[in-house]
Amino acid sequence: MFLTGLAALAVVPTLPTAARDLDGVSLYPLAGCFVAASLLGGVLGGHWADRVGPQRPLAAGMALAVVTLLVSGANTSVWQLKAGRYLDGLAGGMVAVSINTAIGQAYPDQLRPRALALMSACWIVPSLIGPPVAGLVAEWWSWRAVFLGLAALTVLPACAVVAVLRRPSWAATLAAPPDRRPPRPALMVATAVSLVAALGQCGVSGRSIGHLLFAAGDFALVVVFASRLLPPGTWRAARGLPVTVLLCGLGSGVFFTLEAYVPLLLVTDRGAPPLVIGLAFTGAAVAWAGSSWVQGRLLGHCPRHRLVMAGALVQAAAVVVAVTGTIPAAPVYTAASAMVIAAIGMGMYAPSLTVLSLTHSPPGRLGYASSAMQTTQNLGQTTVLCVSSVLFNSCLGIGSTEAVSYGAAFGLLLAPCILAALLAARARSA
């Protein structure tokens with residue numbers, strides 16, 4: 001988790017600069033191809049973990065992460081950069097699902113919130129050193145050096161992780177029982193949904209009717225076929241695991257869209273240097289980890305669904321701050337602080353949902369539950385980002401200023417926040 005956090009937090013602040021240098025600002029929503037690929041990685045990793053234990057998909061994800069950094073660092077076009085981000089999302093999905101499955105297998109119910117808080121704490125040091133250093137490197141040298149430097153830093157530790165996880169003791173501890181091997185998931189469906197979700201973002205990168213029709217068709221296919229990868233009743237918010245899975249998508253979609261568009265606002269409209277963006281990511285990561293620690297240590301007695309509701313309301317407050325940050329007279333740090341506030345909400349929201357998903361998981365199917373959570377997380381991030389992007393580009397197309405366009409895109413995020421707060425009680429554990 002430390003290595004994953006270092007790579008993720010150091011790379012993301014450089015993406016607006018990379019998109020500008022590669023003449024791909026209009027294609028910036030394609031940053032969501034990372035989460036589209038995580039969908040496939042989550043399904044693959046969850047099935048793999050249920051069959052043989054989480055150590056193999058974790059090792060494979062770490063090895064793939066090194067390759068993706070090299071692909072992204074050596075790119076010559078924005079499309080190659082997006083291909084690297086797609087592969088990185090595939091690796092990240094496998095790693096996240098493997099770790100959640102391992103926690104579900106190794107820890108009793110009362111210790112799972114603390115274990116998940118520890119995973120969040122692994123992001124603190126990367127959040128303190130990764131984004132600011134990456135911002136300085138991108139500003140003084142090159143954003144390519146960030147990718148290539150991280151690959152050099154990650155390769156040896158990743159090899160060590162792979163070697164340790166291949167030991168027989170790990171396989172004996174975490175392997176799934178042979179009489180509980182799950183059926184194979186619809187991997188072809190997952191692959192198709194992942195690719196369609198990534199391609200659908202091509203539609204929102206333009207302002208013509210053709211672009212919008214392309215995006216609408218793609219995401220209609222995603223909604224129809226994704227149901228085969230999710231618990232029955234997810235789209236109608238059935239109690240238990242289905243609504244828990246749906247809530248994961250709503251909250252993640254709000255946070256990811258803020259994380260994607262706030263830096264773009266700061267670079268293109270407010271002229272903020274990359275260092276400011278790096279500090280915003282640092283503050284958000286520390287806030288997420290701190291909030292997660294509080295929910296695991298100090299609020300362990302509080303029902304999980306109430307923490308989900310509270311997290312959704314805090315995210316709504318962050319959206320209001322982001323809208324305020326689009327006003328030209330507002331200080332540049334106003335919009336940046338929206339990321340920190342949203343991270344506080346996610347620190348309560350995400351670990352509580354993970355605990356609820358493990359509680360509602362069918363026997364012997366922890367990988368399936370984690371995979372479903374990863375799938376809706378990625379679908380929510382991709383869908384909410386693209387809907388906001390459609391509104392953003394539509395406002396620009398009718399002659400609105402950038403500030404108004406950003407404000408409209410941010411304001412749209414209030415809808416999933418309110419919906420999540422209203423549905424949280426349906427995820428209550430028995």
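**Note on the aromatic cluster, the nonpolar patch and Arg-270**

1. Tyr-261, Phe-392, Tyr-406 and Phe-410 together make up one aromatic cluster. The model under discussion is a predicted one. Five aromatic pairs are present in the structure. Two pairs that involve Tyr-261 are described in the points below.

2. One of the pairs joins Tyr-261 to Phe-392 in a tilted arrangement, with 5.4 Å centre to centre and 55° between the planes. Tyr-261 belongs to helix α12 (residues 241–268) and Phe-392 to helix α16 (residues 366–397), so this pair ties together parts that are 131 residues apart in sequence. Both rings sit on residues classed as buried: the relative accessibility is 2% for Tyr-261 and 7% for Phe-392. The cut-off for buried is under 20% relative accessible area.

3. Tyr-261 also pairs with Tyr-406, here in an edge-to-face geometry, at 6.2 Å centre to centre and with 70° between the planes. This pair again links distant parts of the chain, since Tyr-261 is in helix α12 and Tyr-406 in helix α17 (residues 402–411), 145 residues apart. Tyr-406 counts as buried because its relative accessibility is 1%. Tyr-261 thus takes part in a tilted pair with Phe-392 and in an edge-to-face pair with Tyr-406.

4. On the surface, Phe-2, Ile-124, Val-125, Leu-128, Ile-129, Val-133 and Val-286 make a nonpolar patch of about 550 Å². Helix α7 (residues 124–140) supplies the largest share of this patch, namely five residues.

5. Val-125, a member of the patch, is placed in helix α7. With a relative accessibility of 44%, Val-125 counts as partly exposed. That class lies between the buried limit of 20% and the exposed limit of 50% relative accessible area, so the 44% of Val-125 does not qualify as exposed. Patch members need over 30% relative accessible area, a condition that Val-125 meets at 44%.

6. Arg-270 is located in the loop between α12 and α13 (274–297). Its relative accessible area of 24% makes Arg-270 partly exposed. When neighbours within four places in sequence are left aside, Arg-270 is in contact with Leu-265, Gly-325, Ile-327, Pro-328, Ala-330, Pro-331 and Val-332. For one of these contacts, Pro-331, the separation from Arg-270 is 61 residues in sequence and 9.4 Å in space, taken C-alpha to C-alpha.

Note on methods. Residues are numbered from 1 along each chain as its sequence is written. This is a predicted model: local features need pLDDT of at least 70, side-chain atom pairs count only at pLDDT 80 or more; totals for chains, interfaces and linings use all residues. Side-chain values use heavy atoms; hydrogens and water are left out. Patches are made of residues with over 30% relative accessible area and no salt bridge: like charges are joined within 9 Å, nonpolar side chains (Val, Leu, Ile, Met, Phe, Trp, Tyr) within 5 Å. Accessible areas come from the Shrake-Rupley method with a 1.4 Å probe; for residues, only the protein chains shown count as cover. A salt bridge is a side-chain nitrogen of Lys or Arg within 4 Å of a carboxyl oxygen of Asp or Glu. Helices (H or I, at least four residues) and strands (E, at least two) are DSSP runs, numbered from the N terminus. Buried means under 20% relative accessible area, exposed over 50%, partly exposed in between (1.4 Å probe, protein chains only). Rings of Phe, Tyr and Trp (its six-membered ring) pair if their centres lie within 6.5 Å; planes under 30 degrees apart count as stacked, over 60 as edge-to-face and the rest as tilted. Contact means heavy atoms within 4.5 Å.
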